[in-house]
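Take a walk through this model, strand by strand and loop by loop. Keep the viewer open as you read.

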Amino acid sequence: MAKAAQKLVLSGSRDIPFDKLVLSQSNVRRVKAGVSIGELAEDIVRRTLLQSLNVRPILDSEGQETGRFEVPAGGRRFRALERLVKQKRLAKDAPIPCVVKPANDVVLAEEDSYAENTFREPLHPLDQFTGMQAMVDKGQDIESIAAHFNVTPAVVNQRLRLAKVSPKLHEIYAGDGMTLEQLMAFSVSDDHERQEQVWELLAHSYNRSGAYIRGKLTEDTIRVADRRVRFVGVDAYVAAGGHVMRDLFEDDDGGWLTDPTLLDRLVSEKLQAEGEKIGAEGWKWVATAVDLPWGVTDDLRELDGVPVSRTPEEDARLAELEAEAEALEEQWSEEPNVPDEVHERFAAIDTEIGALVERPVTFDPEEMARAGVFVSIESDGSLCIERGYVRPEDEPVIEADTGKGDAGPGADGDDEGGAAAADPAVSNVVSINAASGGDEDEDGEILKPLPDRLVAELTAWRTLALQDAFAQNPSTAFAAVLHAFVLGTFYTYSRASCLEVSLNKISFGFAPSGLRSSAPAKAIDERHKRWADRLPDDDKDLWDALLQFDGAEQAALFAHCASQALNAQQEVVPKYDNGRISKHSVERRVAHSHVLARAVGLDLVGAGWRPTVEGYFRSVTKPRILADVAEAKGSKFAEMIDHLKKGDMANEAERLLEDAGWLPEPMRTPELLDAAAGEPAAEDEGAALPAFLDDEEQPLNPGSDDEETIAAAA
């Protein structure tokens, strides 16, 4: 008869007073990790001990049990209990559930400790999501769950949102058929059917990124950043029964509105109400639209309003605000880190100054009775109100004397607009399609603006024709580029040029102290100010002003603007490519700077640079200082200071090289060698400037009297 296999016998468990337990030296955990002991102690207070300690009897020298036990596995739980005892929140002899193994067990105590921390399997993320959802379903609030598990409420909300994704997608995620990033993207929508449709689309798509999934799930929605949403307000939309989709894992700029029809109704109602208020000012008609069509004011006469003068109190307030802005600018202009409250104050000052400077306009009541207003929505959601436009059919008619009395429009009472203005029960607010003009074609249809796409196609043809004509007129081309350069140099944020030409003004990531007070910096600032004083305040007048300059002045201004974009700095190239600069691009930039330096005869010593302690010697080593002195003055001078300490050596080197005309290697302009002779090559005299730069239609040659004229103008 076969002997039955011996069954496994588990180690016994019993409660042992805490004061009989000690932490074993066999516990392999030495480095703190995970939840702190204090947090674990608080968790034990809340839910008591969930897992027993693993202990072994302590034997005396004769191999007998002493009644005390060591804890090789469960050291963090032991320390948490120990903390509670010290805090007198747990009795020192409180019974602790323990699994007791023999002192001489064949498995080492260290192995038990190692195994306990190795064979633990953390919860699958999906189990975390559904577990938290189960707690919420049973009445726990989000803040309590966050506090109990040492996370923020935002983390709990994220996990709850993931728990609400379609169960079919949960199964796919659990089987590793979907990434966590993809699951997070699906959570932006609560529509399970739509989620599953998009997942099926991914099977036939190369792009399966989270961004693509979000785009498909939100393609029929409206972003909260939309001008219509900003105009109505999200709160009003939600109060009317609308729903907002939010992405808890990415910056969603406020989310998406899922009911465009409801939003359009709210926008229409609010525009109508705003139009009624404006119409009450006495206008004949008010036309409202989310976005006005191009050319809506064509063929309409614009009334000339009279700006309301500022009161003495407003003038005083304006001066006070300007003084405060200047004081803040002076205080913070040199600081690299400006506090947020200072930025906020600057913005508040700009807003208040704008309200004081941009004056309201009043109109003649008689003119208002025949004119109207266009009301639309700006990109920030504010109203754009354009008052004072008269349609051709509303213009007053000078009547001929026919001897039959008055017989003008409206004499027989058929002026529809006038009737609306006279009868307060009839609204004078209409949609843009009904107010965009009174002209009708032969079929009785309103003459609508051209479609945007057709306008784009027509102007594309015009652009090519203009490019061709532009290329055949060098003087206009030069003036246009100059115009674009001046806009970028003197008129911040101006977009008054059709040339896609930009000038990037250079700033220095690494700049020596005193750079702003150097001779070149002062010369550039003075030249800039002289030109700024000669240019008009409004960029709309710039083109005509530039054409008034002669050729030499245009060339000098062109050179000044172009100089702002010149960058010869050998920047510090990051160890890893950051996509902005590379070693190769910096090398090519510096090489070209040598070409320009030779062309203009760059003289850094003449420009005022000297090797000083602050500007150079403090940043180099003693051997470098000695090598530089030897190169500039000879080895004997280097030997005279080679025994000095670094500080004294730097001071002496500055004194010795003050008038030596010496430059460090990065500041030197290499001589252009003749390829055949290996000697410095003669510089070209320089190509003549185009004739259109000279009033006399003569080329301006470098080195001629004309060049002196340019220098004087600059």
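The tour below covers two groups of strands, two loop residues and a surface patch.

This is a predicted model: local features need pLDDT of at least 70, side-chain atom pairs count only at pLDDT 80 or more, and totals for chains, interfaces and linings use all residues. Residues are numbered from 1 along each chain as its sequence is written, and side-chain values use heavy atoms, with hydrogens and water left out.

Start at strand 5, residues 95-100. Strands here are DSSP E runs of at least two residues, and helices are H or I runs of at least four, both numbered from the N terminus. In a regular strand the side chains alternate between the two faces of the sheet. Strand 5 shows this alternation. Ile96, Cys98 and Val100 point to one face and are buried, that is, under 20% relative accessible area (1.4 Å probe, protein chains only; exposed is over 50%, partly exposed in between). Pro95, Pro97 and Val99 point to the other face and are not buried.

Which strands pair with strand 5? Pairing requires at least two DSSP bridges between two strands. Strand 1 (residues 13-17) pairs with strand 5 in the antiparallel sense, over five bridges. Strand 3 (residues 53-59) pairs with strand 5 in the parallel sense, over three bridges. Valine 99 is the bridge partner of serine 13. Valine 99 is also the bridge partner of asparagine 54.

Now look at the open sheet of three strands. Its order is 6-8-7, and the pairing is antiparallel. Strand 6 (222-223) and strand 7 (244-245) stand at the edges, each with a single partner strand, so one side of each has no neighbour in the sheet. Two bridges join strand 7 to strand 8 (residues 256-257). Valine 244 stands opposite leucine 257 in strand 8.

Next, check the backbone angles. Most residues other than glycine have a negative phi. Lysine 88 has a positive phi, near 60°. Lysine 88 sits in the loop between helix 2 (75-86) and strand 5, and is exposed at 77% relative accessible area. Aspartate 176 also has a phi near 60°. The loop between helix 7 (167-174) and helix 8 (180-186) holds aspartate 176, which is exposed at 67%.

Finish at the surface. Asp537, Asp538, Asp541 and Asp544 form a negative patch. Patch residues have over 30% relative accessible area and no salt bridge, with like charges joined within 9 Å. Aspartate 537 lies in the loop between helix 21 (519-534) and helix 22 (542-548). Its relative accessible area is 79%, so aspartate 537 counts as exposed.

Key: Patches are made of residues with over 30% relative accessible area and no salt bridge: like charges are joined within 9 Å, nonpolar side chains (Val, Leu, Ile, Met, Phe, Trp, Tyr) within 5 Å. Accessible areas come from the Shrake-Rupley method with a 1.4 Å probe; for residues, only the protein chains shown count as cover. A salt bridge is a side-chain nitrogen of Lys or Arg within 4 Å of a carboxyl oxygen of Asp or Glu. Lys and Arg count as positive and Asp and Glu as negative; His and the chain ends are not counted. The place of a charge is taken as NZ of Lys, CZ of Arg, CG of Asp or CD of Glu.
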